[in-house]
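Student: I should like to test how the descriptive terms applied to a structure are justified. May we take them one at a time?

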Amino acid sequence: MKATYIDEQVAVFDDVLSPEDFKNFWNYCQNETWESVHAQTRLGVFRLDDGDPLWGKQVAWPSMPLEGMLPPGLDLSKAPLKFYPTRKAIDPVLEAIKARCPHVTSLIGKEGEDWAGISVRPYIYPRGSGVSWHADNGPYSGAVIFYAHPEWNVLWGGELLIADPSTKLVEAPGAGVHQRLDNRAENEEILRNGFGRYVMPKPNRIVFIAPGYRHMIAKVTPAAGNHARVSVAGFFITPEGVMQMAKMFLEQGV
């Protein structure tokens with residue numbers, strides 16, 4: 001379970017699923033219910049020219065019994081997400097992520113202390129879509145990505161780009177907002193050094209990302225044709241974040 005690459009920003013693990021589990025998850029993606037990430041509202045992390053990515057159902061894996069963490073009156077059976085184990089092909093993906101967490105505590109923190117659970121969902125990025133430069137600013141101790149497409153070509157784009165460590169945000173988690181129409185401050189910060197690193201969306205690869213670092217997903221190029229960039233992406237949710245999610249569900253009448 002040795003990392004292919006690790007530094008203070010990212011850790012990369014390759015060949016994380018067995019061939020059978022990888023194939024099963026790809027088949028799972030064929031039957032997932034997909035909708036535009038903008039179906040309910042325009043998400044601030046996506047700028048107007050980021051195309052139209054799709055996402056599937058959210059899946060969560062709490063690290064501790066939820067009963068003692070959640071407010072009374074919350075019926076999780078009505079929540080708009082699934083819980084591990086789902087008994088579906090996404091479970092081995094979550095298991096592969098969870099198994100590697102003890103090896104990347106320098107990036108994402110410790111389970112039960114810095115984070116209380118994992119929340120992920122599958123994504124499809126068709127050609128012409130991506131995510132502009134941003135830093136994750138929610139109640140997260142880190143992020144994770146799994147690449148699920150069975151093949152990828154270096155001409156197809158979709159790289160994960162990470163700005164130089166000097167551009168790391170210094171605000172506390174949850175501070176700040178995404179600027180949909182004005183990126184002057186972000187542009188100035190990233191161009192100050194103007195370099196960083198990239199990670200190719202290699203099939204059957206997991207990438208962990210430490211919080212606060214500016215990153216983006218390069219647009220999938222026309223050369224990709226109908227080869228979509230398919231991934232599972234999510235966050236390690238802080239204990240405070242679990243309570244925030246519970247409050248949101250209560251407000252929605254769950």
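Student: What makes the pair formed by the side chains of Ser119 and Gln58 a polar contact?
Tutor: In this predicted model, the side chains of Ser119 and Gln58 are joined at 2.5 Å. The cut-off for a pair of N or O atoms is 3.5 Å, and the value of 2.5 Å is within it. The pair therefore qualifies as a polar contact.

Student: Why is Ser119 called buried?
Tutor: Ser119 has a relative accessible area of 7%. Buried means under 20%, so Ser119 is classed as buried. This residue is found in strand E7, which covers residues 117-125.

Student: Which residues are in contact with Ser119, leaving aside its neighbours within four places in sequence?
Tutor: They are Gln58, Val59, Ala60, Ala233, Gly234, Phe235 and Ile237. Each has heavy atoms within 4.5 Å of Ser119.

Student: What makes helix H2 largely enclosed by the rest of the structure?
Tutor: Helix H2 comprises residues 91-100, and eight of its 10 residues are buried, so the description is justified. The buried residues are Asp91, Pro92, Val93, Leu94, Ala96, Ile97, Lys98 and Arg100. For the protein, buried residues make up 49% of the 254 residues.

Student: How do you know that strands E10 and E11 pair?
Tutor: Pairing requires at least two bridges, and four bridges join strand E10 (residues 160-163) to E11. The two are therefore paired, and they run antiparallel. One of the bridges links Leu160 with its partner in E11, Val199.

Student: What is the order of the strands in the open sheet that contains E10 and E11?
Tutor: The order is E8-E13-E10-E11, with antiparallel pairing.

Student: Why are strands E8 and E11 called edge strands?
Tutor: Strand E8 (131-134) and strand E11 (196-199) each pair on one side only. Neighbouring strands of this sheet are turned by 15 degrees against each other on average, direction ignored.

Student: How confident is the predictor in the protein, in terms of mean pLDDT?
Tutor: The mean pLDDT is 89, and 85% of the residues reach 70 or more. Over residues 172-176, however, the pLDDT is below 50. That stretch has six contacts in the model beyond near neighbours in sequence. Where pLDDT is low, the predicted coordinates should not be read in detail.

Student: What share of the contacts between residues at least 6 apart in sequence joins residues at least 24 apart?
Tutor: The share is 86%.

Terms used: Residues are numbered from 1 along each chain as its sequence is written. This is a predicted model: local features need pLDDT of at least 70, side-chain atom pairs count only at pLDDT 80 or more; totals for chains, interfaces and linings use all residues. Side-chain values use heavy atoms; hydrogens and water are left out. pLDDT is the predictor's confidence in each residue, from 0 to 100. Buried means under 20% relative accessible area, exposed over 50%, partly exposed in between (1.4 Å probe, protein chains only). A polar contact is a pair of N or O atoms within 3.5 Å; within protein, one must be able to donate a hydrogen and the other to accept it, and residues adjacent in sequence count only if both atoms are side-chain atoms. Axes are lines fitted to C-alpha atoms, for helices over the stretch in contact, and angles run from 0 to 180 degrees between N-to-C directions.
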